[in-house]
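Subject: A structure for you to look at

Hi,

Here is the structure I said I would pass on. Have a look at it first, then read my notes underneath.

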Amino acid sequence: MAVQRKQVPIDGRLFKLPSSPSEKAHLIGSRCRSCGETFFPKRSYCANCTSPDMEEVALSTRGKLETFTISRATPPGSLIQAPYGLGYVRLPEGCIVQTVLSECDPQKLEIDMDMELVIEKIREDEEGNDVMAFKFKPV
Ligand SMILES: [Zn+2]
């Protein structure tokens with residue numbers, strides 16, 4: 001019998017993989033119950049009003065490209081190869097996600113364009129599971 005390969009998130013605090021085909025992967029943020037600010041990654045107290053009354057929320061999978069840069073050097077030990085895009089995507093909740101972009105051609109990226117969350121396999125772990133990471137791609 002073939003061993004079932006699993007998908008595992010590279011960091012389970014950042015995003016959640018779908019547990020069934022009808023679900024979509026999403027980033028995990030936190031919303032302040034006192035002032036309503038939303039943050040990514042999730043945090044235990046509010047950076048706006050310092051309240052510790054935070055709830056975990058599933059963030060939108062689409063947002064707008066706030067700004068971006070193209071990295072032409074691969075950082076030591078990195079799993080991504082240069083050139084690659086790095087950007088800030090603003091979600092409808094108001095929080096900004098610092099993310100790798102699927103696109104590294106600056107001609108194809110534009111400030112304020114619609115971006116969508118994608119989950120991609122970046123490597124395999126020792127047990128043969130697919131290790132998944134998130135990035136954003138132009139819609
Ligand atoms: Zn707050």
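Before anything else, one term: two residues are in contact if their C-beta atoms, placed from the backbone, lie within 7 Å. Keep in mind too that this is a predicted model.

Let's use that term straight away on Leu14. This residue sits in the loop between strand E1 (7-9) and strand E2 (15-16). Leaving out residues up to four places away in sequence, Leu14 touches Leu27, Ile28, Pro41 and Phe134. Take Leu27 from that list: Leu14 and Leu27 are 13 residues apart along the sequence, and their C-alpha atoms are 5.9 Å apart in space. Is Leu14 exposed or buried, then? A residue needs 20 or more other C-beta atoms within 10 Å to be buried, and 12 or fewer to be exposed. Leu14 has 16 such neighbours, so it counts as partly exposed.

Now the whole protein. How many helices and strands are there? The protein has zero helices and 10 strands, so reading from the N terminus you just get β-β-β-β-β-β-β-β-β-β. The C-alpha atoms fill a box of roughly 50 × 45 × 30 Å along the principal axes. Of the 139 residues, 22% count as buried. If you take the contacts with a separation of 6 or more, 47% of them are between residues 24 or more positions apart.

On to the inside. In soluble globular proteins, nonpolar side chains tend to be buried together. Here the largest nonpolar core has 17 residues, and Leu27, Phe40, Val89 and Val97 touch the most other members. Strand E6 (62-71), strand E8 (96-101), strand E9 (114-124) and strand E10 (130-138) each give at least two residues to this core, with the largest share, three residues, coming from E9. Val97 is a good one to click on: apart from neighbours within four places in sequence, Val97 is in contact with Leu27, Phe40, Gly63, Val89 and Leu91.

Next, a hairpin. Strands E7 and E8 run antiparallel and are joined by six bridges. One bridge pairs Gly87 with Thr99 in E8. Five residues lie between the two strands, and in this hairpin Gly94 has a positive phi near 105°.

The loops have a few oddities too:

- Phe40 and Pro41 are joined by a cis peptide bond, with omega about -10°. Pro41 is in the loop between strand E4 (38-39) and strand E5 (54-58).
- Ala82 to Pro83 is also a cis peptide bond, with omega near -5°; Pro83 lies in the loop between E6 and E7.
- Thr50 has a positive phi near 65° although it is not a glycine. You'll find Thr50 in the loop between E4 and E5, and it is exposed, because it has 10 other C-beta atoms within 10 Å.
- Asp112, another non-glycine, has a positive phi near 80°. Asp112 is in the loop between E8 and E9 and is exposed, again with 10 other C-beta atoms within 10 Å.

Last, try Gly77, in the loop between E6 and strand E7 (84-90). Why is Gly77 exposed? It has 5 other C-beta atoms within 10 Å, and 12 or fewer is enough to count as exposed. The C-alpha atoms of Gly77 and Phe134 are 18 Å apart, with their positions 57 residues apart along the chain.

Cheers

Notes:
Residues are numbered from 1 along each chain as its sequence is written. This is a predicted model: local features need pLDDT of at least 70, side-chain atom pairs count only at pLDDT 80 or more; totals for chains, interfaces and linings use all residues. Helices (H or I, at least four residues) and strands (E, at least two) are DSSP runs, numbered from the N terminus. A nonpolar core is a set of buried Ala, Val, Leu, Ile, Met, Phe, Trp, Tyr and Cys residues joined through C-beta atoms within 7 Å. Two strands pair if DSSP finds at least two bridges between them.
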